[in-house]
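Reader: Hi! I'm in my first year and still learning to look at structures. Could you walk me slowly through one part of this one, the place where the two chains meet?

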Amino acid sequence: MSTKLEKVDAVVIGVGWTGGILAKELTQAGLKVVGLERGRYRQTDPDFQPPHIHDELRYHVRYDLMQNLSRETLSFRNHQEQTALPYRVLGSFLPGEGLGGAGVHWNGVCWRFLPYDFEIRSQTLARYGERKIPDDMSLQDWGLTYDELEPYFDQFEYTCGISGQAGNLQGETVAEGNPFEGPRQRPYPTPPLTPSYANLRFRQATASLGYHPFMQPAANLSEVYTNPDGITQGACVYCGYCQRFGCESYAKPSALTTVLPVAMASGLFDLRTHCNVIRINVNSSGNKAVSVTYIDAQGQECTQAADIICLNSYVLNNCKLMLVSGIGKPYQPASGTGVVGKNYCYQASTGATVYFEDEIFNTFMGAGALGVSLDDFNGDNFDHSNLDFIHGGNIANYSTGAGPVRSRPVPPNTPKWGSAWKQNLAHYYNRSWSFSTQGSVMPYRSNYLDLDPTYKDVYGLPLLRMTFDWGPNELAMTEFMAQILEGIAKELGADKYSISKLTKHYSIVPYQSTHNTGGTIMGADPNSSVVNPFLQSWDVDNLFIVGAGNFPHNSGYNPTGTVGALAYRAADAIVNNYLAQPGPLY
Amino acid sequence: MKERAEKTSPSLSRRRFLQVASALGLAHLLTGSEQAQNTPNLPQNPQFKAPGQTRHLPRVQAAYTFFTLPEARFVEAAVSRLIPADDLGPGALETGVAYFIDQQLQGKFGLAATWYMQGPWQQGTPEQGYQHPFNPQELYRLCIPAIDMHAEESKGQVFADLSVSAQDDLLAALEGEKLEISPLPQFFLSTFWQILYDNTMQGFFADPVYGGNDQKAGWRLVGFPGVAAAYRGVMEAYYGRPYQVEPVSLADLQAGAALADESGHAIHRDLATGEILSVHPESFKHEH
């Protein structure tokens, strides 16, 4: 028995960054919106207040803000010949759960993808020719350009109050900024953060190598900021508890501290937490979504009818809901046909840790996005003619806050326990730090998402199945990057250093990155993408799907800035185009 | 009821109750005007305030509630070799790490409460991760007697009674996957080693409220200040030189034993002089 609920103008599935942005924009346009969030209700005060938020065991190790896998997970294998087995214990990536989503416990690194990213196939062909793209690499343009997305990047950055230094203002290069960034119409809303001592050392060493380091854009605000909606954010206190923690200071923008207060104040937003959507229902001809079915906090099944449905949960769940709802043609790796589940990508990272005998860094101070970056080896910012890969990655040193439950650096070839280990840890804990590559991942025909034939979630639905391994591009690119990192370690004058590289096969066990992408990709062609350049489903025109699932490949950056821009673009398309004339927008 | 209903601006606690109850689908239990008030209303401005203090936290008398006595003896002996007491200070044994592990096993970690534990079960590749129906409680309960049995049969004594060098040899063999205890597959022993190792480190460095890190000895070892202060303006004042303070724990702040600024961040004292080092910065205060 499903309780039928009165039709509303729009339903938002998942109330994190993208759901919050859509809820705000649609309610401001006068629409009545229902928000369905599977996790719990929470807010900055009292949920994220000190001292209890500064608990490394609870939040960093036991994942208090993350998805409870006992209810739902996915299955994983490296390739199709294997049997996928459940991701039973959190490791490689950490999907969030609860109001505000993973945006509550992000580090706050907020990038714009490069102009190259959006036209990656055309630009790679134009510069290097057909042979540069292997047959099994399903590299695609995104169906829109950087310039088309620029106003929405701007909108997201000004909603948050991002702290940073512009490097390219309307085509003019600006000193101290990132010379490789796409042109921006105006500076960042707030100035860059104050660097840590490690940041200063990294900046000095990379500059002397001839690279172009800059204070990276941060959603950890350098000063108090009031955004265009009149919402005031606090200033970061450099407490060092960002990643996997909520921010007590309202200084790390999330949906909770920016867009949701506006949506809620409108009186048009009906938020329902502990409500897990299990299906999007379509009409008999399959071209309109009519309602969503969910299980509420009391365990009761409800069906909410709506004119517009926005699918804004995490990448993985967006793809799963499309598959279990039978919307769009599932991707078939054998033929390369079909689209839902296609081009699953991730992040391929290499890292370096440096150890100094005589320098102290106070690494427990910091902020999630407090870092110095360089883009000299990202995108197509360097010549790939004689390299056996495309793209690359951002290189950065972050001072995120190194509590000793999280971070216990000891030099290579040191024992892992006993008195010798203890002595090394006491010495090096505050004399060591890391820098790393945020490496891109290119799409391969054999890496994809579909439904598991065996394992089920708590609602009886099949788990999503991930089939993924590093491709030749990732292995070659990270080998190249490791050499760059080693050069920086030497230039720093580190007494000891270690370099970590990719393992031959991707493993779901150690934490790497919660930058899962693809599965509901965007594009200009319905035969090779799930949504059009307005994030509208090609098959069901009143369904909009927004998130990093839209990325046809993953760049060498954290995804949130680009995700936020896509959400604003989708909202603009709905409010200013779709409402007047419901139907396909492209 | 009438008086409550006439309030136009509900108290903070009422608002919180209405939000949580509504979020849990209990809106139908609320009165009409309460339902009207329950539109969630996230604060639109930072509203900082001195945190209220809670006052009646007991001093807990510790006792093992999961481990059997032979298990407790094993764990006490093992953690004291992983992090030994030495010239640098107390080790894991002296700081309550065995008790920390006991309490972790007794709770949701021990029961794998947030792990996906549905079958069917089959061993996968190393890249596919943990694929066994045993939760951490069961791994400790299985592997401790196995290792004691091995020690007793090969060395004549259970692990806790071996010399420290024999204990170190046995732990090194466990770590290096060289310990063979028929008929137990190596997989159980290597998983047990990883969990024992991680739990020991967690206990030594997590907040003392969880039972380990007694007297904040783990934090003192590395110079970690514990619960964070507001380091705005302080970070640059300490470029390249150590910020050495009396560490502050959750209990210190909740019980009012350590100073906090108006936003609830710890106010640190210099370890040597007792001087106050960080205060809440002026730039952070602003009108609401």
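**Where chain A meets chain B**

Author: Sure, let's start with the salt bridges: there are two between chain A and chain B, a salt bridge being a side-chain nitrogen of Lys or Arg within 4 Å of a carboxyl oxygen of Asp or Glu. One joins the side chains of Lys422(A) and Asp86(B), at 3.0 Å from N to O. Helix α10 of chain A, residues 418–428, gives the most to the side of chain A that touches chain B, namely seven residues. Helices here are DSSP runs of H or I with at least four residues, strands are runs of E with at least two, and both are numbered from the N terminus.

A quick word on the ground rules: this is a predicted model, where local features need pLDDT of at least 70, side-chain atom pairs count only at pLDDT 80 or more, and totals for chains, interfaces and linings use all residues. Residues are numbered from 1 along each chain as its sequence is written, chains are lettered from A and ligands numbered from 1 in the order in which they are written, and side-chain values use heavy atoms, with hydrogens and water left out.

Now for the whole contact (heavy atoms within 4.5 Å). It takes in 93 residues of chain A and 94 residues of chain B. On the chain A side you'll find 49 nonpolar, 28 polar and 16 charged residues. In that scheme Ala, Val, Leu, Ile, Met, Phe, Trp, Tyr, Cys and Pro are nonpolar, Asp, Glu, Lys and Arg are charged, and the others, Gly among them, are polar.

Next, area. The two chains bury about 7,700 Å² between them, with 62% of it on carbon and sulfur atoms; buried area is the accessible area (1.4 Å probe) that two parts lose on being put together, summed over both. In chain A, the residues losing the most area to chain B are Arg88(A), Trp417(A) and Lys422(A), together 12% of what that side buries. So Lys422(A) turns up again, after its salt bridge to Asp86(B).

There are also 33 residue pairs in polar contact between the chains, both residues at pLDDT 80 or more. A polar contact is a pair of N or O atoms within 3.5 Å; within protein, one must be able to donate a hydrogen and the other to accept it, and residues adjacent in sequence count only if both atoms are side-chain atoms.Finally, an automatic or database domain assignment splits chain B into domain 1 (2–37), domain 2 (69–219) and domain 3 (224–288).
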